[in-house]
Amino acid sequence: MEIFKEFHIEAAHWLPNVPAGHKCGRMHGHSFRIEVHINGPIDSQLGWVLDFAEIKEAFTPVEEKLDHRCLNEVPGLENPTSENLARWIWHELRPSLPLLSKIIVRETCTSGCVYSGD
Ligand SMILES: Nc1nc2c(c(=O)[nH]1)N=C([C@H](O)[C@H](O)COP(=O)(O)OP(=O)(O)OP(=O)(O)O)CN2
Ligand SMILES: [Zn+2]
């Protein structure tokens with residue numbers, strides 16, 4: 001079964017590799033919504049796949065690195081597209097969440113991406 005927890009990050013970014021004049025080449029901000037998905041069996045005693053609190057605990061250092069930051073200044077996020085952000089979060093979380101199955105990044109109400117690992 002797959003479970004998830006959603007986190008909210010306020011951050012600024014600009015995209016360095018877009019064509020000249022593209023609006024995303026200018027510094028701007030988003031209220032990013034990030035879903036962390038975990039896939040595994042339900043523990044028969046506890047009745048859950050993983051305590052949601054464990055997902056939150058794993059995400060806390062990631063939140064510290066991203067929230068109220070300029071993402072371009074975060075090592076590894078020099079080109080902070082949704083795709084690169086999702087992949088970056090995956091690699092940050094995977095060591096502490098071995099059942100990690102998916103990262104969903106919503107950059108705006110209408111745009112985002114789903115990353116299921118390499
Ligand atoms: N594949 C990607 N395309 C774009 C990304 C991205 O990360 N991956 N990022 C951007 C910009 O950061 C932009 O802020 C978000 O794009 P967009 O959805 O075009 O934003 P709008 O608010 O203008 O969207 P509406 O069409 O008004 O809903 C651009 N592209
Ligand atoms: Zn943007």
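What follows is a short exchange on a predicted model.

Author: This is a predicted model in which local features need pLDDT of at least 70 and side-chain atom pairs count only at pLDDT 80 or more, while totals for chains, interfaces and linings use all residues. Residues are numbered from 1 along each chain as its sequence is written, and ligands from 1 in the order in which they are written.

Reader: How do you know that the span of helix α2 agrees with its number of residues?

Author: Helices are DSSP runs of H or I with at least four residues, and strands are runs of E with at least two, numbered from the N terminus. The expected span is 1.5 Å times one less than the number of residues. For the 12 residues of α2 (residues 82–93) that gives 16 Å, and the end C-alpha atoms are 16 Å apart, so the two agree.

Reader: Which residues of α2 are called buried, and what makes a residue buried?

Author: A buried residue has 20 or more other C-beta atoms within 10 Å of its own, C-beta atoms being placed from the backbone; 12 or fewer makes it exposed, and in between it is partly exposed. In α2, Ser82, Leu85, Ala86, Trp88 and Ile89 are buried. Seen down the helix axis, they fall within an arc of 165° (taken from the directions from the axis to the C-beta atoms), so they line one face of α2.

Reader: What makes the residues around ligand 1 two nonpolar, five polar and two charged?

Author: Ala, Val, Leu, Ile, Met, Phe, Trp, Tyr, Cys and Pro count as nonpolar, Asp, Glu, Lys and Arg as charged, and the others, Gly among them, as polar. A residue is near the ligand if its C-beta atom lies within 6 Å of it. Those around ligand 1 are Leu15, Cys24, Thr81, Ser82, Glu83, Glu107, Thr108, Thr110 and Ser111.
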